[in-house]
Amino acid sequence: MKRVIVTGAQGQLGVSIQKMANEFPELELTFASKSEVDLTKPESISEVFSKTTFDYCINCAAYTQVENAERFPEKAFAVNAEGVKNLADQCRKNRVRFIHISTDYVFDGEKKTGYYPGDQTNPINEYGKSKLKGEEYIKQLLDEFLIIRTSWLYSESGTNFYTNILQKARQGETLRVTDSQVGCPTNAKNLARLILTLIKTGNWTPGIIHFTDKDPMTWYDFAVGILKSNNLEDSVEIVRDRNYRSFARRPSYSILLEEKPGKE
Ligand SMILES: NC(=O)C1=CN([C@@H]2O[C@H](COP(=O)(O)OP(=O)(O)OC[C@H]3O[C@@H](n4cnc5c(N)ncnc54)[C@H](OP(=O)(O)O)[C@@H]3O)[C@@H](O)[C@H]2O)C=CC1
Ligand SMILES: Cc1cn([C@H]2C[C@H](O)[C@@H](COP(=O)(O)OP(=O)(O)O[C@H]3O[C@@H](C)C(=O)[C@@H](O)[C@H]3O)O2)c(=O)[nH]c1=O
């Protein structure tokens, strides 16, 4: 039986892992919400780690408000950089393998052929910068780590692009959605399954991997798909809005590719 602690367990990905837990009876999962393990409070981490011996930590905790991060970068860095350092530190002390989730926003989106894990990072917003700093701390502190970069995570519950679009549609609003960014939506359920499978099989090597599960599309295309899959395409008006107002810059083409073919 492998013992696994999941931090940030009440977020989108954390909840997806909780929902999938019964498919992985060989894993003993402990779910820690922010009130139990707060990454910005090292003592809350050490308290939980001192009570149980864990084999793995899956870190789903993060500051994910891209717009607010631009206005209050210190909030994003406190969790995504220094908080991750605190958690990685405890994993090192307690010999816990660390599985961490990062983002396509560590790239600037200028490379029009997509990004491999080893490609040059260059975040263009504060959220991306804070997530990159978190990655750097992990690499400095740990040998036994896996950073999984993913993009455009969505699920049918919680607050995310998918649920925001549906909410607006159900309120009868005309949807205005940008087509100036291209990325790959990723169902949080599929990422949850990948993570638990990797732990179950032990079939992973330390480093950074990329995981997405849909073909490249714009946010506009994604919104149209969301309407269609909910049979709302005929009842809701949707228009392309290249200039949709936002505070943070976002990469225009952030396609995450898996390891280069032919690499040993
Ligand atoms: N959402 C996306 O589109 C993408 C997300 N990712 C990454 O995937 C991971 C999971 O994201 P997702 O589930 O969508 O994010 P959510 O924002 O849904 O969940 C994050 C969770 O972390 C909690 N949290 C915030 N601050 C702290 C803290 N100081 N200590 C402990 N917990 C905290 C939040 O609690 P509260 O809400 O109460 O603050 C929330 O429950 C993150 O690392 C994110 O950066 C990567 C690519 C895309
Ligand atoms: C809700 C909405 C957004 N948009 C635009 C704003 C933005 O450019 C784009 C995406 O909107 P959001 O702000 O919902 O998405 P955003 O928060 O940028 O999503 C990102 O979240 C972080 C956590 C990640 O790691 C990324 O991979 C990515 O998923 O769509 C519209 O054009 N119309 C709309 O109605």
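Biologist: What makes Ile165 a contact of leucine 175?

Modeller: In this predicted model, two residues are in contact if their C-beta atoms lie within 7 Å. Leucine 175 meets that condition with Ile165, Lys168, Ala169, Ala223, Val236, Glu237 and Ile238, leaving out residues up to four places away in sequence. Ile165 is one of these, so it is a contact of leucine 175.

Biologist: Why is leucine 175 called buried?

Modeller: A residue is buried if 20 or more other C-beta atoms lie within 10 Å of its own. Leucine 175 has 20 such neighbours inside 10 Å, so it counts as buried. Leucine 175 belongs to strand β7.

Biologist: How far is leucine 175 from valine 66 in sequence and in space?

Modeller: They are 109 residues apart in sequence and 20 Å apart in space, C-alpha to C-alpha.

Biologist: Threonine 212 sits in the loop between β10 (207-210) and β11 (217-218). How do you know whether threonine 212 is buried or exposed?

Modeller: The cut-off for buried is 20 or more C-beta neighbours within 10 Å. Threonine 212 has 25 C-beta neighbours inside 10 Å, so it counts as buried. Its contacts are Thr150, Ser151, Cys184, Thr186 and Leu256, not counting residues up to four places away in sequence. Threonine 186 is 26 residues from threonine 212 in sequence, with 5.2 Å from C-alpha to C-alpha.

Biologist: Why is asparagine 231 called exposed?

Modeller: A residue is exposed if 12 or fewer other C-beta atoms lie within 10 Å. Asparagine 231 has 8 C-beta neighbours inside 10 Å, so it counts as exposed. Its place is the loop between α8 (219-229) and β12 (238-240).

Biologist: What is the phi of asparagine 231, and how does that sit with the general rule?

Modeller: Most residues other than glycine have a negative phi. Asparagine 231 is not a glycine, yet it has a positive phi of about 55°.

Biologist: Which phi does tryptophan 152 have, and is tryptophan 152 buried or exposed?

Modeller: Tryptophan 152 also has a positive phi, about 45°, and is not a glycine. It lies in a loop too, the one between β5 (145-150) and β6 (153-154). With 22 other C-beta atoms within 10 Å, where 20 are enough, tryptophan 152 is buried.

Biologist: Strand β3 covers residues 56-59. What makes β3 and strand β1 (residues 2-7) a pair?

Modeller: Two strands pair if there are at least two bridges between them. β1 and β3 are joined by 4 bridges, so they pair, and they run parallel. In that pairing, valine 4 stands opposite tyrosine 56 in β3.

Biologist: How many bridges hold β3 to strand β4 (residues 97-103)?

Modeller: There are 4 bridges, again in the parallel sense. Isoleucine 58 stands opposite isoleucine 99 in β4.

Biologist: Which way do the residues of β3 point?

Modeller: In a regular strand the side chains alternate between the two faces of the sheet. In β3, Tyr56 and Ile58 point one way, while Cys57 and Asn59 point the other way. All of them are buried.

Biologist: Which residues does isoleucine 58 touch?

Modeller: Setting aside residues up to four places away in sequence, they are Val4, Val6, Ile17, Ile99 and Ile195. Isoleucine 58 is also among the residues that touch the most other members of the largest nonpolar core, together with Val6, Cys57, Ile195 and Ala223. This core holds 67 residues, and its largest share, 8 residues, comes from α4.

Biologist: What makes the chain as compact as a globular protein of its length?

Modeller: The globule rule gives 18 Å for 264 residues, and the radius of gyration is 18 Å, so the chain is as compact as a globular protein of that length. The chain contains 8 helices and 12 strands, and 39% of its residues are buried.

Biologist: What makes a residue count as near ligand 2, and which residues come nearest?

Modeller: The C-beta atom must lie within 6 Å of the ligand. The shell around ligand 2 has 21 residues, and Thr64, Val66, Thr103, Thr178 and Tyr244 come nearest. α6 (161-170) and β7 (175-177) each give two or more residues to that shell.

Biologist: How many residues surround ligand 1?

Modeller: There are 27, the closest being Gly8, Gly11, Gln12, Ala61 and Ala62. By class, 11 are nonpolar, 13 polar and 3 charged.

Technical notes:
Residues are numbered from 1 along each chain as its sequence is written. Chains are lettered from A and ligands numbered from 1 in the order in which they are written. This is a predicted model: local features need pLDDT of at least 70, side-chain atom pairs count only at pLDDT 80 or more; totals for chains, interfaces and linings use all residues. The radius of gyration is taken over C-alpha atoms; the globule rule is 2.2 Å times the number of residues to the power 0.38. Ala, Val, Leu, Ile, Met, Phe, Trp, Tyr, Cys and Pro count as nonpolar, Asp, Glu, Lys and Arg as charged, and the others, Gly among them, as polar. A nonpolar core is a set of buried Ala, Val, Leu, Ile, Met, Phe, Trp, Tyr and Cys residues joined through C-beta atoms within 7 Å.
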